[in-house]
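Reader: I'd like a close look at one part of this model. Please start with the enclosed space and follow the thread from there.

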Amino acid sequence: MLRLLFSARPGQFELYLSHLEAALEAKGLTAEIGTELPPEAVDYIVYAPSGPLQDFTPFTRAKAVLSLWAGVERIVANPTLTLPLARMVDGGLERGMVEYVAGHVLRHHLGMDAHIVNPGRAWVNVSPKLARDRRVTVLGLGALGAACARALAGLGFDVTGWSRREKAVEGIRCLSGSDGLAEALDGAEILVTLLPQTPQTERMLDAAALARLAAGAALVNPGRGTVLDDEALLAALDEGRLSHATLDVFRVEPLPDDHPFWAHPGVTVTPHIAAETRPETASAVIAENIRRMEAGEPLLHLVDREAGY
Ligand code: NAP
């Protein structure tokens with residue numbers, strides 16, 4: 001029998017236990033699953049860094065760490081972890097992100113705010129242009145970025161995507177590399193960022209990058225807060241070069257009470273709710289990875305420590 005340690009924030013174990021048991025059973029695996037097992041007896045660690053486990057050294061027998069989160073920067077930064085690490089790629093998480101991105105992109109595309117808050121009862125009957133005439137760029141074409149890019153293209157938007165390595169996604173103009181970044185940003189009217197937090201993506205959206213966007217462009221960032229230069233964004237909003245930013249992720253979370261983003265009329269703050277790992281679909285992914293490891297097959301969604309994501 002396998003032994004699985006579950007370490008995440010309080011309350012999560014109760015949500016996951018029955019789904020994990022069912023998913024493992026569906027793969028023909030039996031396991032003891034607990035939050036407090038003797039470290040030397042543990043085979044797999046289902047993990048989020050918000051839980052109690054921070055030191056991996058006593059887990060001498062463990063074969064892999066299976067992250068509950070898609071963003072793994074805090075796990076990669078843990079020097080005690082040398083085991084193979086798989087990040088979370090979950091259909092439920094993906095759907096959540098697609099819905100969040102589609103909703104906020106449509107808000108900016110349709111100019112909904114002007115009608116939702118209209119105390120002066122202004123009758124400005126100018127129809128928005130069609131999505132096919134709206135240039136949307138998605139930075140990051142991974143599991144989430146590619147799904148969002150496809151969904152936006154499905155709504156008719158003119159979508160460009162950008163990734164580290166060259167990529168092809170049907171219906172999307174795909175670019176890569178630093179020249180590709182400049183081209184992806186040039187004239188984009190709505191920018192969606194779904195990049196991971198790595199040293200290379202730190203402040204990628206600085207003043208120069210934001211200056212490439214179309215006049216009055218909007219930003220939607222559900223990726224990571226470190227990708228953005230906060231001061232450069234505030235300056236671009238204050239000068240009217242950007243019309244609005246919808247931000248779900250921040251350098252410090254929860255966003256401190258005195259951060260200017262809270263009070264700025266050009267910023268919508270959402271509290272890191274864009275997409276959540278769903279116990280049922282995520283348990284199936286974890287069980288499949290355990291089956292693979294036990295069968296000597298490569299893990300799915302293995303983190304590249306060098307690249308940091
Ligand atoms: P992923 O599959 O690892 O994809 C990351 C994408 O970013 C890939 O296309 C990758 O390029 C690209 N990339 C990475 N570093 C780059 C660089 N230096 N230059 C250019 N492109 C770079 O990740 P994912 O599952 O799509 O998730 C993306 C991020 O969303 C996560 O890292 C996490 O931080 C965030 N997230 C947020 C929430 C939320 O609720 N707000 C929920 C889940 C995830 P390649 O394709 O060439 O590798």
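Author: Start with α10 (279–294): this helix gives the most to the lining of the largest cavity, with 3 residues. This is a predicted model, so to speak of local features we need pLDDT of at least 70, and side-chain atom pairs count only at pLDDT 80 or more, while totals for chains, interfaces and linings use all residues. Residues are numbered from 1 along each chain as its sequence is written, and side-chain values use heavy atoms, with hydrogens and water left out. Helices here are DSSP runs of H or I with at least four residues, strands are E runs of at least two, and the numbering goes from the N terminus.

Besides α10, β4 (64–67) supplies at least two residues of that lining. The full list reads Leu66, Ser67, Ala86, Arg87, Met88, Val285, Ile286 and Asn289. A cavity, on a 1 Å grid over the protein atoms alone, is a set of points where a 1.4 Å probe fits but cannot get out; a pocket is an open set with protein on both sides within 12 Å along at least five of seven lines, and lining residues have an atom within 4 Å of a point. The structure holds 1 cavity of 30 Å³ or more, and the largest cavity comes to about 40 Å³. That volume is the space filled by probe spheres set on the points, which are joined across faces, edges and corners. By class, its lining splits into 5 nonpolar, 2 polar and 1 charged. Nonpolar takes in Ala, Val, Leu, Ile, Met, Phe, Trp, Tyr, Cys and Pro; Asp, Glu, Lys and Arg are charged; the others, Gly among them, are polar.

Now follow Arg87, which is in that lining, over to the ligand. Arg87 comes nearest along with Leu141, Leu144, Arg165 and Tyr309, out of 31 residues around the ligand (near means a heavy atom within 4 Å). The shell has 16 nonpolar, 9 polar and 6 charged residues. It draws at least three residues from each of domain 1 (2–90 + 277–294) and domain 2 (91–269), with bounds from an automatic or database domain assignment.

Look at the backbone from 142 to 144, too. Oxygen atoms of the ligand lie 3.0 Å from a polar backbone atom of glycine 142, 2.9 Å from a backbone N or O atom of alanine 143, and 2.8 Å from a polar backbone atom of leucine 144. Taken alone, the ligand exposes 940 Å², and the protein buries 94% of that (Shrake-Rupley areas with a 1.4 Å probe). As for elements, α3 (91–110), α5 (143–154) and β7 (158–163) each give two or more residues to the shell, and α5 gives the most, with 3.

From α3 you can hop to the second largest pocket, which holds about 220 Å³ of space. It has 17 lining residues, and His108, His109, Gly111, Gly216 and Ser243 lie nearest its centre. Two or more come from each of α3, β10 (217–221) and β11 (242–247); α3 gives the most, with 4. The lining has 7 nonpolar, 6 polar and 4 charged residues.

Two backbone oddities to finish. Most residues other than glycine have a negative phi, and most peptide bonds are trans. Yet the peptide bond from glutamate 253 to proline 254 is cis, with omega near -5 degrees, and proline 254 is found in the loop between β11 and α9 (260–263). Histidine 272 has a positive phi of about 50 degrees although it is not a glycine; this residue lies in the loop between β12 (267–269) and α10, which brings us back to the helix we started with.

Conventions
Polar contact = N/O pair within 3.5 Å; in protein donor to acceptor, adjacent residues only side chain to side chain.
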